[in-house]
Amino acid sequence: ADGTVTGGNARGGIIELDIYGTGDMLLIYAQEKADTSSYTLLTIDEVKEQMAAAEEANKTKLDNILDGIDPVAGAHLRYQRRLDALNTVQDYDVYAKDGVYYSARTTKVAGAESTLVTFIKDGKVYNLYPDKKTGNYVTDLPLSVTNDNILLMDDLFSEMRMASVRTDQVEEDREIEGASFPAEVYPQTEYSPETVFYFAEDGSLAYCYTAAPVIESAAYVGDSLYTVGSIDGEVDESLFDISAYTIQE
C-alpha cells in the first residue's frame, strides 16, 4: 500500500518474500497442502516479540533516559548550561504537562543576573518576567507542536531527541569536570556538531556536551556544557497559573 517493493520466489505452492532484503527472515504464503516442513515457522505475534526483544537489546542509554520522559503526563528538567564563548551560565527549571510548557531561565553574565520565563498554554507563547510580575504575548504555535512535542522547545531535550534518531554513536569512557564517565558520543556531521552524553553509575544523565554549531552564522555561540541536576516527572502546576502577571498583548 505504501509502494514498497521486495524480491521473492514462488515454488512448490509457496511464495517467499524477503521483506528485509537480507535472507534472514521470509514472509511466506503457502497453499493449504504445500510442504512447509523445511521452514521454521513463526506466527506474527512471535515475530513481533522477537522484534521487540531486538529493539530492547539495541537500546542506548540515551534511549532509556528518553523513555522516562513523558511531556503529556508530566516532565521536569533541571540543569545548568555553560556557554564558554559567551562567558555565560544559564540555570534552567523546565516543566511540561499536557500541552503546557514553563521554562525559567536564569542567566548570569558579568556579575549580573536575570530570569526570563517562556510560558506556553493553549498554543499561546508568552515571555514572563517574574521579578516584575509582567509579561508579553509573543506568538501562537500550531497544535502539532503543543501536544507531545512541546518539550522540544527546550534546548537540552531537543539535543537528546535529535541524537536519539541517529545510529552512528560510539560508546567510550570520557573525562569531564575531573571525573570519568561512560559516554555515548555522536560524531560531527555535515550539519551537526559533536554531541556527547555522560552517564552516572545509576544510568542517569549527568552531562551533555555539544561542540560549537557547524553552521557558520551560529558558531559564535561556541561549545555548550549541560550539567544535569534532575530529570523526573514532578510538575509544579502552580507555575501554570499566570493570573498574577500583567500581560501586554
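Q: Which residues have the most contacts inside the largest nonpolar core?
A: In this predicted model, the largest nonpolar core comprises 26 residues, and those with the most contacts inside it are Leu-62, Ile-69, Leu-151, Leu-156, Met-160 and Phe-197. The elements α2 (61-67), β4 (75-83), β5 (88-97), α3 (155-164), β12 (195-199), β13 (205-210) and β14 (224-232) each contribute at least two residues to this core. The largest share, four residues, is supplied by α3.

Q: Which other core lies apart from this one?
A: Another core, of 12 residues, lies apart from it; among its members are Tyr-95, Tyr-126, Val-235 and Phe-240.

Q: How should the buried residues of a helix be read, and which are they in α3?
A: The general idea is that an α-helix has 3.6 residues a turn, so residues three or four places apart point the same way. In the present case, the buried residues of α3 are Leu-156, Phe-157, Ser-158, Glu-159, Met-160 and Ala-163. They pack against α2, β4, β11 (179-186), β12, β13 and β14.

Q: With which residues is Leu-156 in contact, leaving aside its neighbours within four places in sequence?
A: With those neighbours set aside, Leu-156 is in contact with Leu-77, Tyr-79, Cys-208, Tyr-226 and Val-228. The backbone of Leu-156 also has a polar partner: at the start of α3, a side-chain oxygen of Asp-154 comes to within 3.2 Å of the backbone nitrogen of Leu-156.

Q: How many salt bridges are there by this rule?
A: The idea is to look for a side-chain nitrogen of Lys or Arg within 4 Å of a carboxyl oxygen of Asp or Glu. By this rule, the count is 11 salt bridges. One of them joins Glu-177 to Arg-82, with the closest N and O atoms 3.7 Å apart. Glu-177 lies in the loop between β10 (170-176) and β11 and Arg-82 in strand β4, so this pair ties together parts that are 95 residues apart in sequence.

Q: Are Glu-177 and Arg-82 buried, partly exposed or exposed?
A: Glu-177 counts as partly exposed because its relative accessibility is 49%, and Arg-82 counts as partly exposed at 28%. Arg-82, Asp-84 and Glu-177 are linked in a network of salt bridges.

Q: With which residues does Arg-174 form salt bridges?
A: Arg-174 forms a salt bridge with Glu-172, the closest N and O atoms being 2.9 Å apart, and its side chain also meets that of Glu-194 in a salt bridge at 3.3 Å, N to O. The latter pair links distant parts of the chain, with Arg-174 in strand β10 and Glu-194 in the loop between β11 and β12, 20 residues apart. Arg-174 is partly exposed, at 23% relative accessibility; Glu-172 is partly exposed at 33%, and Glu-194 is partly exposed at 22%.

Methods:
Residues numbered from 1 in each chain as written. Predicted model: local features only at pLDDT ≥ 70, side-chain atom pairs only at ≥ 80, totals over all residues. Heavy atoms only, no water. Core = buried A, V, L, I, M, F, W, Y, C linked by side-chain atoms within 4.5 Å. Buried < 20%, exposed > 50% of the residue type's maximum accessible area, 1.4 Å probe, protein only. Contact = heavy atoms within 4.5 Å. Polar contact = N/O pair within 3.5 Å; in protein donor to acceptor, adjacent residues only side chain to side chain.
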